Amino acid sequence: MPLNPLIRICILLLILPFGWAQAFNDADSTSQNPKFQKHLSLLFETGPMIPKNTDWGEFINNGLNYKALDFRLGFRNTKKTVYNMIYRYPTYGFGLYTATFKNDYIGKPNAVYAYADLPFTKTYFNGRLSYSYFAAFGIAFNFKPYDPDYNPINKFIGSYRNGYVHIGFSMRYALSPWLNLDAGFGMKHFSNGSIKKPNAGLNFIPFSIGLRSTLNRSNFDKSGLSEIPKYIPNNHVNVWTSVGAKNYEIGGDIYVKWVLSANYLKQKGYKLRYGLGFDMFYAPNGSLPGDWEKSGFMDKASFAIVASGEWVLKKNFSLPLGIGVYLHRNPFNDEPSAYYERIGVRYRFANNMFTGITLKAHGFKADIFEWSVGYLIFKDKNKY
């Protein structure tokens, strides 16, 4: 894959710290511990596509040769806080991604994203070998979308811009105090959330290998978890509304879909909230092709009970999760199955207002991206 100017700059930025690191090693060890330990990573990535079981899916997959470069800048907070200790001082940061499929139908996408990397507790070979799990969310662009005249084969992606999701596991081996060999595997997904069809989505099982350099010397207090105060259980009530854009058929208009939600969650520990919720979906316009037309309220609305949860990564930051079962649904609102899944990110402000984005899907086929705002009712007696 030819190196464009952006990738050349990324490689230069990764190489330059090698010289800086020696300066840090020679520096006075009594210097003040920085707030963040910073990392630069450059990864080469390849792997198979998970094809759709269709003639066009097999046709594209047979001529596909996926290769990508991933550049990341990470920040590992050194402060001794409850959540830093629980998650073993995780790394949060930003990344740039560029790929080629060597394929005339999909394009050469780039992406910008935010990511979280959480290490496992156990290490090997005197701490030189370590493992972690990670998740990345962002936006990808420069796809070659479906076009009925010029690109009718690509029924995976119907838009130039798409959501970017990457989850997986990493293994790192320390070559020196400032340089690590980094390898990983996982799942990568591109989708526009049915804002523009077709939107079967692109899925890959990527394998990566590269280098991660540490830019500054930092110390981490790895005291036992016994120092963490026992969590005082809480009950949470969340109420929120969401809005998403929906395209029902290829070449059709884009319509608004509304969501009104509430749930009741119990939290008995620092990491997880769980409980039950209720969703109401309202799609006032647009329908799939057919003779049936929307008229009354029940033709436009759907209702569901949801097994709800939140994976809490920080005091005010969590990943909402859910599996919903419809009590009433409309297939002509593009709700093809009796259940759906939901995953996303959520941030709570000091006044208990929160905002976030979630992806709702049926059988891992995207329905809508839900942009949410809401309010959390609870009283937290814990100290962080």
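Colleague: Which is Asn126, buried or exposed?
Modeller: This is a predicted model, in which local features need pLDDT of at least 70, side-chain atom pairs count only at pLDDT 80 or more, and totals for chains, interfaces and linings use all residues. Residues are numbered from 1 along each chain as its sequence is written, and side-chain values use heavy atoms, with hydrogens and water left out. Buried means under 20% relative accessible area, exposed over 50%, and partly exposed in between (1.4 Å probe, protein chains only). The relative accessible area of Asn126 is 85%, so Asn126 is exposed.

Colleague: Where is Asn126 found?
Modeller: Helices (H or I, at least four residues) and strands (E, at least two) are DSSP runs, numbered from the N terminus. Asn126 belongs to neither S4 nor S5, but to the loop between S4 and S5.

Colleague: What is the phi of Asn126?
Modeller: Most residues other than glycine have a negative phi. Asn126 is a residue other than glycine with a positive value, near 55°.

Colleague: Which peptide bond is cis, with omega near 5°?
Modeller: Most peptide bonds are trans. The cis one leads into Pro198, found in the loop between strand S7 (179-191) and S8. It is the bond from Lys197 to Pro198.

Colleague: How many residues does the largest nonpolar core have?
Modeller: A nonpolar core is a set of buried Ala, Val, Leu, Ile, Met, Phe, Trp, Tyr and Cys residues joined through side-chain atoms within 4.5 Å. Leu64, Tyr66 and Phe204 are among those with the most contacts inside the largest one. Elements giving two or more residues to this core include helix H2 (55-62) and strand S8 (202-204). The count for the largest core is 23 residues.

Colleague: Which residues does Phe317 touch, not counting those up to four places away in sequence?
Modeller: Phe317 sits in strand S14 (residues 317-328) and is partly exposed, at 25% relative accessible area. Contact means heavy atoms within 4.5 Å. By that test, Phe317 touches Val312, Val345 and Arg346.

Colleague: What is the radius of gyration of the protein?
Modeller: The radius is taken over C-alpha atoms, and the globule rule is 2.2 Å times the number of residues to the power 0.38. For 384 residues the rule gives 21 Å, and the value of the protein is close to that, so it is as compact as a globular protein of that length. The radius of gyration is 23 Å.
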